[in-house]
Amino acid sequence: MDWPDAAFATGVNRVQLCVNGAAIDPAYVEVELVNYDPADGVRLGLTALPNAAADAAGGLPISDAGALDLDAILADTNELQTDLHDGGRLDLLV
């Protein structure tokens, strides 16, 4: 098959392709054109995201089960703020 280049030009969101011939029913397929790499298992080729799996070194931090437990950090921070507020001085915590 030799599809016209204009069918896949920049700015085209989808294209409908048709295969037809003598003594056959036409076959149609609609292809959605995307501006990312669906074969890139880490970030889909999107350059705004880090090229590392989530929670890996250099990847996006995640909460709970990962190495960076954002929920525990938040709980520790809230506890520290509460203690500082209640006592008013850091040396009261020691």
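The dialogue below walks through several features of this predicted model.

Colleague: I am new to this structure, and before looking at details I would like to know which helices and strands the protein has, and in what pattern they follow along the sequence.

Modeller: Please keep in mind that what we are reading is a predicted model. The protein has 1 helix and 2 strands, and when read along the sequence these elements follow the pattern β-β-α. Strand S1 covers residues 14–19 and strand S2 covers residues 27–32, while helix H1 spans 70–87.

Colleague: What share of the 94 residues is buried?

Modeller: Buried residues make up 9% of the 94 residues in the protein. Another figure concerns contacts in the protein with a separation of 6 or more, of which 3% are accounted for by residues 24 or more positions apart.

Colleague: Is Val15 buried or exposed, and which residues does Val15 touch?

Modeller: Val15 is found in strand S1, and because its relative accessible area is 11%, under the 20% limit, Val15 counts as buried. Leaving aside residues up to four places away in sequence, Val15 touches Ala7, Phe8, Val29, Glu30, Val31 and Leu33. For one of these partners, Val31, there is also a backbone distance to read: the C-alpha atoms of Val15 and Val31 are separated by 5.4 Å, although the two residues are 16 residues apart along the chain.

Colleague: How many salt bridges are counted, and which parts does the pair of Glu30 and Arg14 tie together?

Modeller: The count comes to 1 salt bridge, formed by Glu30 with Arg14, whose closest N and O atoms are 3.3 Å apart. Glu30 lies in strand S2 and Arg14 in strand S1, so the pair ties together parts that are 16 residues apart in sequence. Arg14 itself counts as partly exposed, at 48% relative accessibility.

Colleague: How should I read the phi angle of Ala23, and where is Ala23 placed?

Modeller: The general idea is that most residues other than glycine have a negative phi. In this structure, phi of Ala23 is near 65 degrees, a positive value in a residue other than glycine. Ala23 has its place in the loop between S1 and S2, and with a relative accessible area of 87%, over the 50% limit, Ala23 is exposed.

Colleague: Where is Asp37 found, and what does the side chain of Asp37 reach?

Modeller: Asp37 is found in the loop between S2 and helix H1, and at 37% relative accessibility Asp37 counts as partly exposed. The side chain of Asp37 reaches the backbone nitrogen of Ala39 at 2.9 Å. Not counting residues up to four places away in sequence, Asp37 touches Leu44 and Gly45.

Colleague: Finally, how is empty space found, and what lines the largest pocket?

Modeller: Rolling a probe the size of a water molecule over the atoms shows where empty space is left. Here, about 150 Å³ of space lies in the largest pocket. The residues lining the largest pocket are Phe8, Ala9, Thr10, Gly11, Val12, Asn13, Leu33, Val34 and Asn35, and they divide into 5 nonpolar, 4 polar and no charged. Phe8 and Leu33, which belong to this lining, are also among the residues that Val15 touches.

Definitions and conventions:
Residues are numbered from 1 along each chain as its sequence is written. This is a predicted model: local features need pLDDT of at least 70, side-chain atom pairs count only at pLDDT 80 or more; totals for chains, interfaces and linings use all residues. Side-chain values use heavy atoms; hydrogens and water are left out. On a 1 Å grid over the protein atoms alone, a cavity is a set of points where a 1.4 Å probe fits but cannot get out, and a pocket is an open set with protein on both sides within 12 Å along at least five of seven lines; lining residues have an atom within 4 Å of a point. Grid points are joined across faces, edges and corners, and a volume is the space filled by probe spheres set on the points. Ala, Val, Leu, Ile, Met, Phe, Trp, Tyr, Cys and Pro count as nonpolar, Asp, Glu, Lys and Arg as charged, and the others, Gly among them, as polar. A salt bridge is a side-chain nitrogen of Lys or Arg within 4 Å of a carboxyl oxygen of Asp or Glu. Helices (H or I, at least four residues) and strands (E, at least two) are DSSP runs, numbered from the N terminus. Buried means under 20% relative accessible area, exposed over 50%, partly exposed in between (1.4 Å probe, protein chains only). Contact means heavy atoms within 4.5 Å. A polar contact is a pair of N or O atoms within 3.5 Å; within protein, one must be able to donate a hydrogen and the other to accept it, and residues adjacent in sequence count only if both atoms are side-chain atoms.
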